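Subject: Structure for you to look at

Dear colleague,

I am passing on the structure below, and after it I set out what was found. Please keep it open beside the text as you read.

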Amino acid sequence: MKFMITGLPGTTPIPREQAAVLLGAGLAWIKAKLTDGTIESHYNFFGGGGFAIANADSHEQVLADILAYPLYPFFTWEVTPLLDFERSFDEYIRFYQRLPG
């Protein structure tokens, strides 16, 4: 299953005295997930936050991965399940073909 995971800066800022270490740990975590294929792509937003396209077997696995992210407490999160565009178009086409009239 694929998910779009969006993280936006939360109400608790990263402590300035820990920022370099935490950001470095976050970067290393993302690079490791890109290398192992858990994350297919990752992009940051200008001004803070970002999103990733991730692979997971379940919603629970997504939760476990997000909770393991070193910067987790400093962001608000949104997880959106994604559909393969061809399969979803095919489903909609079949749906409309079944409608009467």
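A polar contact is a pair of N or O atoms within 3.5 Å, and within protein one of them must be able to donate a hydrogen and the other to accept it. With that in mind, and remembering that this is a predicted model, we can begin at helix 3, where Asp-84 caps the N-terminal end, with a side-chain oxygen placed 3.1 Å from the backbone nitrogen of Glu-86.

Helix 3 covers residues 85–98, and for its 14 residues, at 1.5 Å a residue, a span of 20 Å is expected, which agrees with the 20 Å between its end C-alpha atoms. Of these 14 residues the number buried is one, so helix 3 lies largely in the open. Two aromatic residues illustrate the point about accessibility: Phe-95 is partly exposed, with a relative accessible area of 39%, while Tyr-96, at 55%, counts as exposed because the cut-off for that class is over 50%.

The aromatic rings deserve a paragraph of their own. A pair of aromatic rings is described by the distance of the centres and the angle of the planes. The count of aromatic pairs comes to seven. For Phe-95 and Tyr-96 the ring centres are 5.0 Å apart and the planes stand at 80°, so this pair is edge-to-face, the angle being over 60 degrees. Elsewhere, ring pairs link Trp-29, Tyr-69, Tyr-72, Phe-75 and Trp-77 into a cluster.

Next comes the largest pocket, which holds about 530 Å³ of space. Of the 33 residues that line the largest pocket, the closest to its centre are Ile-30, His-42, Tyr-69, Phe-75 and Trp-77. Strand 1 (2–9), helix 1 (19–36), strand 2 (39–44), strand 3 (50–55), helix 2 (59–68) and strand 4 (75–82) each contribute at least two residues to this lining. By character, the lining divides into 21 nonpolar residues, 11 polar and one charged.

Lastly, three positions show how separation along the chain compares with separation in space. Leu-83, in the loop between strand 4 and helix 3, counts as exposed at 71% relative accessibility, and its C-alpha atom is 7.3 Å from that of Lys-2, although the two residues are 81 apart in sequence. Gly-49, in the loop between strand 2 and strand 3, counts as buried at 14% relative accessibility, and its C-alpha atom is separated by 5.7 Å from that of Pro-9, 40 residues away along the chain. Gln-61, whose place is in helix 2, is partly exposed at 36% relative accessibility, and the C-alpha atoms of Gln-61 and Phe-46, 15 residues apart along the chain, are separated by 28 Å.

With best wishes

Note on methods:
Residues are numbered from 1 along each chain as its sequence is written. This is a predicted model: local features need pLDDT of at least 70, side-chain atom pairs count only at pLDDT 80 or more; totals for chains, interfaces and linings use all residues. Side-chain values use heavy atoms; hydrogens and water are left out. Helices (H or I, at least four residues) and strands (E, at least two) are DSSP runs, numbered from the N terminus. The expected span of a helix is 1.5 Å times one less than its number of residues. Buried means under 20% relative accessible area, exposed over 50%, partly exposed in between (1.4 Å probe, protein chains only). On a 1 Å grid over the protein atoms alone, a cavity is a set of points where a 1.4 Å probe fits but cannot get out, and a pocket is an open set with protein on both sides within 12 Å along at least five of seven lines; lining residues have an atom within 4 Å of a point. Grid points are joined across faces, edges and corners, and a volume is the space filled by probe spheres set on the points. Ala, Val, Leu, Ile, Met, Phe, Trp, Tyr, Cys and Pro count as nonpolar, Asp, Glu, Lys and Arg as charged, and the others, Gly among them, as polar. Rings of Phe, Tyr and Trp (its six-membered ring) pair if their centres lie within 6.5 Å; planes under 30 degrees apart count as stacked, over 60 as edge-to-face and the rest as tilted.
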